[in-house]
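Q: Please take a close look at one loop position in the structure shown below, and then go on to the helices and their packing. A formal, connected account would be appreciated.

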Amino acid sequence: MKRIVLIVSGMLWIFGCGGARNVYGSEDNPSLNASDNTATQKHRKDGDRWGVSGLSHIRLDLPWPDLTESWTPSGGGERDAAAVVAIERYDLIPGISGAKQNATAWYNFFTKMLKIPVGNVKLLPQRNATREGILSALEYVSGKAQPGGRVWFVFIGHGAPSNGDGLLLGVDVRQTAESLESRSLRRGDALAVLKRSQGQPVLVLDACFSGRTGGGDAVIEGLMPVRNADLPPVGRAIVMTAAAGDQYAGPLPGAAKPAFSYLALGALRGWGDKNGDGQITAKETVAYASDTIGALVNGREQTPNLHGGEPSYVLSIGNESGPDISKLARMLLEEEDVQFNPDVLVQGNLPTPNLPDLDRRAIYDDMDLDKLSIDEMKEREEAYLKLLAAKEKVEAARAATKNDPTGEKQQKAWCDLSELEDPNPYRKIAETACSQATSFVEQRRRLVIAMERNWTKVKYLIGLKSYSTEDKKRAIRSFLRSYGQLEEQGLVQTAATELKKIEDAEQKIDQGREIVAFGKKLSSRVNSMLSDERKEGDVLRNNCLNAKLKLINANIRNAEGRVKIMKNATDDESRNHEFTVLVIIKQKFRTLSQEANACMKIVAVYIQ
């Protein structure tokens, strides 16, 4: 997991960049494990309801090509220059697995595929990847690029937000706020150096600047007001970033390496040539990375972005074929590696305390009744009526739970009650209930967001023609296992309906195959009858059976075609139509069977 841990004034701040945490229960937060145990058990029971027990874990290594080798020289970089910075191991903060391998692949791409002169390419050693070292490398390559060429900057490392810009963290950054600023390079400063070059600036930034988890929330809530890092004006530069400002950049599915810098490089080698013209543009590069991440990544939202420049600007020439993404997606499914709810988010429970009856005398306990003024009595009576009204709202909200699945009405009622001024005998109970209801509402909100995001992925998976029916059912059941606890949500019902449609379609296809098998069995029987009659030499019976056999075989071919159409049908109307025709064909088989039997009763009549 890529994280930046920052301790300021005794407070722990974390910028999450490379992985998601289980904010409702993990080894990092054992106290939450205990408190959410009941809800987690309920989540697992909900999974059992949908026929998918247990929780899956990412463990599959996918066969991604090794980009450090097997390139085809294309040229075009003779006037270019490039700087590659990848920090796999930071001095005092967690590193980034696979960063150096990606950097090596980029270096080979520049020197061996684009044919950039070796003296124009700066592969910065990790120990030199300080703020000063990175700036020096950028200044060097900016001076090397020639008119009509490009000046490339590939950065694979940690990032952080800072006052309307983003920081590229140097290898020696310390765990202080001052160090975060002084030992990092602002994106704007990097752009300024590159834009002074005679070449076209092209930046590939595989870093995140959000300070957020894959779910879009601050990793440590309440300790840091995170503000998205906006990219300063880029002018003529082409800037490709790993994720949007409120997302995080994570690893490649099934591989221990950063996703964006790997996929962007694959796109430039030819994988991203969508229109097949052999030229890979900036737009095609980012689109390929975005589409692949969207198809394979679960549990986080990461959308690579293209900023500035001309989207149709050609970055490379290549015709290399990329990996079969649908095959990789199937491998993930087959290994139960699609986890739509990797953080095991659960709703938790709404508060259940019962409020005792309100004793009017309780609001006067702290006062001397003999010295009570009329105005004070009025104030206490108003306080009593407010408490009574607030208590009734709590009870009404609890009674209407079925009509308020979000829990927001209960949250408001409990919190309003807790905020009433003294005398408030319900304060302690209400504050605890307010906190619990707020937690429920927030957890449910996150769960709904994750569900809505992943339903898009499920629709993509079940829409792939290359997917088998079992793959599609597995995807939907995985979704239902993760979000079945939101049973009242329309998407859960939609998913259940889609699963039933697939199962119904399977049943119809099986029945269609049975009809074909029935026809073939009938054909075999009639063919045997015909062979026997040929030996007998009865012309009338032979002709009759032969006619019936031809009709049977024609209907078999028709039925086989209908079954094939059903298998490929993408809508219920077409599938139901074909099934109706198959039912009619089955009836024809029965009629032809009876007619074939009748053929055997024909008796020749000879007229003298």
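A: Lys 115 lies in the loop that runs between α3 (99-113) and β4 (121-123). The model is a predicted one, and in it Lys 115 has a phi near 65 degrees, a positive value in a residue that is not glycine. With a relative accessible area of 42%, Lys 115 falls between the limits of 20% for buried and 50% for exposed, and is therefore partly exposed. A positive phi also appears elsewhere in the chain: Gly 537, just after α14, takes a value of about 80 degrees.

The setting of this loop is a protein chain with 16 helices and 13 strands. Of its 608 residues, 50% are buried. Among contacts between residues at least 6 apart in sequence, 75% join residues at least 24 apart.

Helix α4 and its partner α6 may be taken next. Helix α4 (residues 131-144) packs with helix α6 (residues 187-195) at an angle of about 20 degrees, their axes being 8 Å apart. Because an angle under 35 degrees counts as roughly parallel, α4 is roughly parallel to α6. The crossing of the pair α4 and α6 is right-handed. On the α4 side the contact involves Arg 131, Leu 135, Leu 138, Glu 139 and Ser 142, which meet Asp 189, Ala 190, Val 193 and Leu 194 of α6. By class, the residues of this contact of α4 with α6 are five nonpolar, one polar and three charged.

Helix α6 has further partners. Its buried residues are Arg 187, Gly 188, Ala 190, Leu 191, Val 193 and Leu 194. These buried residues pack against α4 and also against the strands β5 (150-156), β7 (165-169), β8 (184-186), β9 (200-206) and β10 (238-241).

Strand β10 leads on to another loop, the one between β10 and α7 (259-271), where Tyr 248 lies. At a relative accessible area of 4%, Tyr 248 is under the 20% limit and so counts as buried. The C-alpha atom of Tyr 248 is 6.3 Å from that of Gln 302, although the two residues are 54 apart along the chain.

Lys 283 belongs to helix α8 (residues 282-296). Its relative accessibility is 55%, over the 50% limit, and Lys 283 therefore counts as exposed. Neighbours within four places in sequence aside, Lys 283 is in contact with Leu 306 and Pro 311. A separation of 9.7 Å is found between the C-alpha atoms of Lys 283 and Leu 315, which are 32 residues apart along the chain.

Helix α8 also packs with α12, at an angle of about 95 degrees and with axes 9 Å apart. That angle lies within 65 to 115 degrees, so α8 and α12 are roughly perpendicular to each other. In this contact Ile 293, Gly 294, Ala 295 and Leu 296 of α8 meet Lys 457, Tyr 460 and Leu 461 of α12. The contact of α8 with α12 comprises five nonpolar residues, one polar and one charged.

A further partner of α12 is α11. Helix α11 (residues 408-418) packs with helix α12 (residues 427-462) at about 150 degrees, the axes lying 8 Å apart. Since angles over 145 degrees count as roughly antiparallel, α11 and α12 are roughly antiparallel to each other. The crossing in which α11 passes α12 is left-handed. From α11, the residues making this contact are Glu 408, Gln 411, Trp 414, Cys 415, Leu 417 and Ser 418, while α12 contributes Arg 427, Ile 429, Ala 430, Glu 431, Ala 433, Cys 434, Ala 437, Thr 438 and Val 441. Nine nonpolar, three polar and three charged residues make up the contact of α11 with α12.

The account ends with α14 and α15. Helix α14 has 47 residues and reaches 69 Å from its first C-alpha to its last, close to the 69 Å expected at 1.5 Å a residue. Helix α15 (residues 539-568) has 30 residues, which at 1.5 Å a residue should span 44 Å; its end C-alpha atoms are 44 Å apart, in agreement with that expectation. The buried residues in α15 are Arg 541, Asn 542, Cys 544, Leu 545, Lys 548, Leu 549, Ile 552, Asn 555, Ile 556, Ala 559, Val 563 and Met 566. They pack against α14 (490-536) and α16 (572-599).

How values were computed:
Residues are numbered from 1 along each chain as its sequence is written. This is a predicted model: local features need pLDDT of at least 70, side-chain atom pairs count only at pLDDT 80 or more; totals for chains, interfaces and linings use all residues. Side-chain values use heavy atoms; hydrogens and water are left out. Helices (H or I, at least four residues) and strands (E, at least two) are DSSP runs, numbered from the N terminus. The expected span of a helix is 1.5 Å times one less than its number of residues. Buried means under 20% relative accessible area, exposed over 50%, partly exposed in between (1.4 Å probe, protein chains only). Contact means heavy atoms within 4.5 Å. Axes are lines fitted to C-alpha atoms, for helices over the stretch in contact, and angles run from 0 to 180 degrees between N-to-C directions. A crossing is left-handed if the near helix is turned anticlockwise from the far one by less than a right angle, and right-handed if clockwise. Ala, Val, Leu, Ile, Met, Phe, Trp, Tyr, Cys and Pro count as nonpolar, Asp, Glu, Lys and Arg as charged, and the others, Gly among them, as polar.
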